[in-house]
Amino acid sequence: MPRRCLVLELAKVSAGYGAFRALFDIDMSVRAGEAVGVIGPNGAGKTTLMRVISGLIRPRSGSITFDGQSIGGKRAHQVVATGIAHVPENRRLFPRLSVEENLKIGAFVPAARAQLAFRLASMYELFPPLKERRNQLAGTLSGGEQQMCAIARALMSGPKLLLMDEPSAGLAPVVVDQVFDLVQRIRTEGFTVLIVEQNVQGVLDVVDRAYLLEVGTIKLTGAAAELREHQFVRQAYLGM
Amino acid sequence: MDIFLVEAMVNGLLLGGVFALLALGLNLIFGVIDVVWIAYTELMMAGMYAMFWLYAKYHWPFLAAAAAAIAVVAVLGLLTHFLIIGPILDAPPINQLLATGGLLFFLQSFATLLFSTEFRNIGVRLPTLEVAGMFISVARLLAFGVSLIGVGCLYAFLKRTYWGVAIRAIAQDRQIIGLMGIDQRRVYGMTSAIGGALAGLAGCLLVLQYDVHPFIGLSFGPILFMICVLGGLGNMLGGLAAAFIVSEIIAVGGFYVSIDLSYVLAFVVFIGLMFWRPRGVFTR
């Protein structure tokens, strides 16, 4: 694999909060065009992993490179400018801004701002319900629509890599299926995706590869189809 | 209705304009940065002194002096944030209150040192209009009109510009604002400068009605905080409404009893309303 195809690479990354360490020597990579999943139980460090990549917290040690440049010491707003967008856990829309204002905020970085009208139009094309509700306050959307809006807001920055933290959490089962359909559609649009999920079954159906994270370390990694058949994964996560 | 009562009500309305402006500034800072600037009316006092100095002493044209005074207080707002609030941004709120309270005494003492405790007047005499038997001061009318324009400009800024939307967004969720590519520190700096500029504008308007002295902030501060708490801290629309309610209570109370007792009345009403809605009358 030629080196320039590698989008994101983590080497021996450790991170934590205060005296608590949540991640231990994580090695991980995501190549251009891939969809990669991170699965694991509650408290395994999945959200911390997302936060450390997007610059919300700094790694204690190790290096994070993205598209050839080191982003390990950058702050969140600088990481966005390098082409990483992060859909946070629980969507975190700005509830008292309209849907359109939420999308506008997503295109805050200068490069994205210059193409605002075009980006808005393409998001409305990708997610027609958002166009209908563009002037509605984001807090009044249904759970599924909010997830749509949160993904669209992240895509507004024109990312090379989309991070998604538990997109199916807290949604009704029918809506969960819709969300995974959304992820599938984003993939076909050509975005590179790193997705963290507790819904192991759902995520393994939409990604190419996955990592299994347990208590801050990578336990297992492989192609989605392999993991689905893996004895340990089947017993512990798929209930088979 | 008694013409003097109407006159009192009109004056209350006009007073409310400046309070609305100040309440907006304080609420903006609280909503975005989550700190209360106890020294806010002392920043306003600094604006009044800047006006006095530039206009009365150095004979700058009025508008140029006003623009400079607003700029000076905007810079003071920036300094307040980066020198005082910045280092203790994550400290408990009581520490932030004490720090800006310290700034209050610092600014009062500094003004005393520079200008002594003497009352200073910039020497502009604006006429009084007689409308339908009522006497209305042009200075108050001007303060009211310009305050409303200031409020309108801020509204347009928050509603229509990228940074304005960012300021509203950060007031709703500060933790993820970085994920939008927005530098939180820059938004805080901008908010502090705007908050300072609003206090400066209020100072420019009030210096036409009142003599400036180092303790003038204390004549406005307590009422201002009462207004902000009544409207719900951080709630800009609530603050606007509360500014007019409190000013009317003071003006109409002053008409029926006396101006001193009307402040007591305003605080009694305030305490009563706080029992009814402790988090602010206009809090959702």
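Mentor: Two strands pair if DSSP finds at least two bridges between them. The strands themselves, like the helices, are DSSP runs numbered from the N terminus (E, at least two residues, for a strand; H or I, at least four, for a helix). What you're looking at is a predicted model: local features need pLDDT of at least 70, side-chain atom pairs count only at pLDDT 80 or more, and totals for chains, interfaces and linings use all residues. Residues are numbered from 1 along each chain as its sequence is written, while chains are lettered from A and ligands numbered from 1 in the order in which they are written.

Trainee: OK, what makes E1 and E2 of chain B a pair?

Mentor: Four bridges link strand E1(B), residues 128–131, to strand E2(B), residues 134–137, in the antiparallel sense. The rule asks for at least two, so they pair. Glu130(B), for one, sits opposite Phe135(B) in E2(B). The hairpin has two residues between its strands, and Ala132(B) there takes a positive phi near 50°.

Trainee: Where in chain A is there a hairpin with a positive phi in its turn?

Mentor: Go to E9(A) and E10(A): again two residues between the strands, with Val215(A) at a positive phi of about 35°. Six antiparallel bridges join strand E9(A), residues 209–214, to E10(A), and Arg209(A) has Ala223(A) as its bridge partner in E10(A).

Trainee: Which sheet does E10 of chain A belong to, and what makes it an edge strand?

Mentor: An open, mixed sheet of six strands, ordered E6-E7-E8-E3-E9-E10. Strand E10 (217–223) and strand E6 (84–87) are the edges, as each pairs on one side only. On average, neighbouring strands here are turned by 15° against each other, direction ignored; axes are lines fitted to C-alpha atoms (for helices, over the stretch in contact), and angles run from 0 to 180 degrees between N-to-C directions.

Trainee: What packs on that sheet?

Mentor: Helix H8(A), residues 173–188, which touches strand E3 (35–39), E7 and E8 of chain A and makes about 160° with the direction of E8(A). Contact here requires C-beta atoms, placed from the backbone, within 7 Å. E7(A), residues 161–165, and E8(A), residues 192–197, run parallel and share five bridges.

Trainee: In the sheet E2-E1-E4-E5 of chain A, why are E2 and E5 called edges?

Mentor: That one is an open sheet with antiparallel pairing. Strand E2 (20–31) and E5 each have a single partner strand, so one side of each has no neighbour in the sheet. E4(A) and E5(A) have two bridges, which meets the cut-off, so they count as paired.

Trainee: What makes helix H1 of chain A mostly covered?

Mentor: Seven of its eight residues (46–53) are buried, among them Leu49(A), Met50(A) and Arg51(A). Buried means 20 or more other C-beta atoms within 10 Å of a residue's own, exposed means 12 or fewer, and partly exposed is in between. H1(A) lies across strand E1 (6–17), E2 and E4 of chain A, at about 65° to E2(A). Right after the helix comes Gly55(A), with a positive phi near 90°.

Trainee: Why is Asp67 of chain A called partly exposed?

Mentor: Its count is 16, which falls between 12 and 20, so it is neither exposed nor buried. Asp67(A) sits in the loop between strand E4 (61–66) and strand E5 (69–70), with a positive phi of about 55° although it isn't a glycine. Arg92(A) has a count of 18, so it is partly exposed too; its phi is near 50°.

Trainee: Back to chain B: what makes the H2 and H8 crossing right-handed?

Mentor: Right-handed means that the near helix is turned clockwise from the far one by less than a right angle (anticlockwise would be left-handed); H2(B) passes H8(B) that way. The helices, residues 40–57 and 217–231, pack at about 145° with axes 8 Å apart. Tyr40(B) and Met44(B) are among the H2(B) residues there, and Phe220(B) and Leu224(B) are among those from H8(B).

Trainee: How many residues of that contact are nonpolar?

Mentor: Five, beside three polar and one charged. Ala, Val, Leu, Ile, Met, Phe, Trp, Tyr, Cys and Pro count as nonpolar, Asp, Glu, Lys and Arg as charged, and the others, Gly among them, as polar.

Notes: Two residues are in contact if their C-beta atoms, placed from the backbone, lie within 7 Å.
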